[in-house]
Amino acid sequence: MSRPGWPEYQRIPGPAGDIPAIWRDSAPNVPAQPFAVLFVPPFAEEMNRTRRLMALAGQQLAARGIASLLPDLPGTGDSPLPFREATWTGWLDAVRACAGYLAERGLSVRLVGIRLGGLLAADALAQGLPAESLLLLDPVEDGRMHMRHWLRIRSAASLEIGPRITLSYLQTQLDSGQTVEVAGYEMGPQLVNHINTLKLAPLLESAANVPVQRLELTAPGAETLPVVDGRRTLAAEAPWNSYEPAEPVELAAALIDMVETRP
């Protein structure tokens, strides 16, 4: 028998092949809850920087009788697909496959979408994914603005090796069907240009039957506010912004509390 909260590697069948995922079962010494958390991770390097947060949250959820599933979306992590071939549709299919996996285990789904994962989770709900609730952790509101953030990173990096590459030039490359390399990730035009079309608010309106909570971060040392209308503000370091983030204990605890107290 595995240790409570210990990660178990799974390969979940999906439309385009198996989806690598980390499954953490509920601890055997506490009553098992009838739902599980499905983490929908953020984009590119932000995903790597939040892995510790998701692992810590998964361990603590297991101790409270809550199972969790963390997939590597196609093109990320242990997925055999190159990142440049990842598509938004493929990611939606993967989220649906993971929700189906949980349903086969007799568990309903509580989604936790982090950053761009919040946008992806909201889109999945808008397209009919069955879920009890959605918790958004500092979600991306506008896909185009988020992609411009990544293109700015590429533009700034070009100054170190030669003439500056402008945002408009990078977007022209994408529009002509070429990939763009940003911080070691080859971003394909189909994925980037689809994300450019997405905004969070309309997706949430389309999924209005699913309760939504939001957990947003302010600078460490600022006032931490209580939950109001399903929205909580926490003064803590954002792990996706830091190369060497501190142990996100407080953030994981806040996330778990909001998962348990579904509105």
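Contact here means heavy atoms within 4.5 Å. The model shown in these views is predicted.

**View 1. Leu38 and its surroundings in strand β3.** Leu38 sits in strand β3, which spans residues 35–40. Its relative accessible area is 1%, so Leu38 counts as buried. Leaving out residues up to four places away in sequence, Leu38 touches Leu69, Pro71, Val95, Cys98, Ala99, Leu102, Val109, Arg110, Leu111 and Val112. Leu38 and Ile256 lie 218 residues apart in sequence. In space, their C-alpha atoms are 12 Å apart.

**View 2. The largest nonpolar core, with Phe43, Trp88 and Trp91.** This core has 58 residues. Phe43, Trp88 and Trp91 have the most contacts inside it. Helix α3, residues 88–104, supplies the largest share, 10 residues. Another core, of 27 residues, lies apart from this one. Among its members are Ile66, Val112, Met258 and Val259.

**View 3. The contacts of Phe43.** Neighbours within four places in sequence are set aside here. The remaining partners of Phe43 are Phe83, Trp91, Leu116, His146, Met147, Trp150, Met187, Leu191 and Ile195. Phe43 also belongs to an aromatic cluster. The other members of that cluster are Phe83, Trp88, Trp91 and Tyr185.

**View 4. Trp88 and Trp91, a tilted pair in helix α3.** The structure holds five aromatic pairs. In the pair of Trp88 and Trp91, the ring centres are 6.1 Å apart. The planes stand at 50°, so this pair is tilted. Both residues lie in helix α3. They are three residues apart, about one turn of the helix. Trp88 is buried, and Trp91 is buried too.

**View 5. Trp23 and Tyr101, an edge-to-face pair.** The ring centres of Trp23 and Tyr101 are 6.0 Å apart. Their planes make an angle of 80°. Trp23 lies in strand β2, residues 19–24, and Tyr101 in helix α3, so the pair ties together parts that are 78 residues apart in sequence. Trp23 has 1% relative accessibility and counts as buried. Tyr101, with a relative accessible area of 12%, is buried as well.

**View 6. Helices α3 and α4 where they cross.** Helix α4 covers residues 116–126. The axes of α3 and α4 come within 10 Å. They cross at roughly 70°. That angle makes α3 roughly perpendicular to α4. From α3, the residues in the contact are Trp88, Trp91, Leu92 and Val95. They meet Leu116, Leu119, Leu120, Asp123 and Ala124 of α4. Eight residues of this contact are nonpolar, none is polar and one is charged.

**View 7. Helix α4 and the residue Gly128 just after it.** In α4, 10 of the 11 residues are buried, so this helix is largely enclosed by the rest of the structure. The buried residues are Leu116, Gly117, Gly118, Leu119, Leu120, Ala121, Ala122, Asp123, Ala124 and Leu125. Just after α4, Gly128 takes a positive phi of about 100°.

Conventions
Residues are numbered from 1 along each chain as its sequence is written. This is a predicted model: local features need pLDDT of at least 70, side-chain atom pairs count only at pLDDT 80 or more; totals for chains, interfaces and linings use all residues. Side-chain values use heavy atoms; hydrogens and water are left out. A nonpolar core is a set of buried Ala, Val, Leu, Ile, Met, Phe, Trp, Tyr and Cys residues joined through side-chain atoms within 4.5 Å. Buried means under 20% relative accessible area, exposed over 50%, partly exposed in between (1.4 Å probe, protein chains only). Helices (H or I, at least four residues) and strands (E, at least two) are DSSP runs, numbered from the N terminus. Axes are lines fitted to C-alpha atoms, for helices over the stretch in contact, and angles run from 0 to 180 degrees between N-to-C directions. Angles under 35 degrees count as roughly parallel, over 145 as roughly antiparallel, 65 to 115 as roughly perpendicular and the rest as oblique. Ala, Val, Leu, Ile, Met, Phe, Trp, Tyr, Cys and Pro count as nonpolar, Asp, Glu, Lys and Arg as charged, and the others, Gly among them, as polar. Rings of Phe, Tyr and Trp (its six-membered ring) pair if their centres lie within 6.5 Å; planes under 30 degrees apart count as stacked, over 60 as edge-to-face and the rest as tilted.
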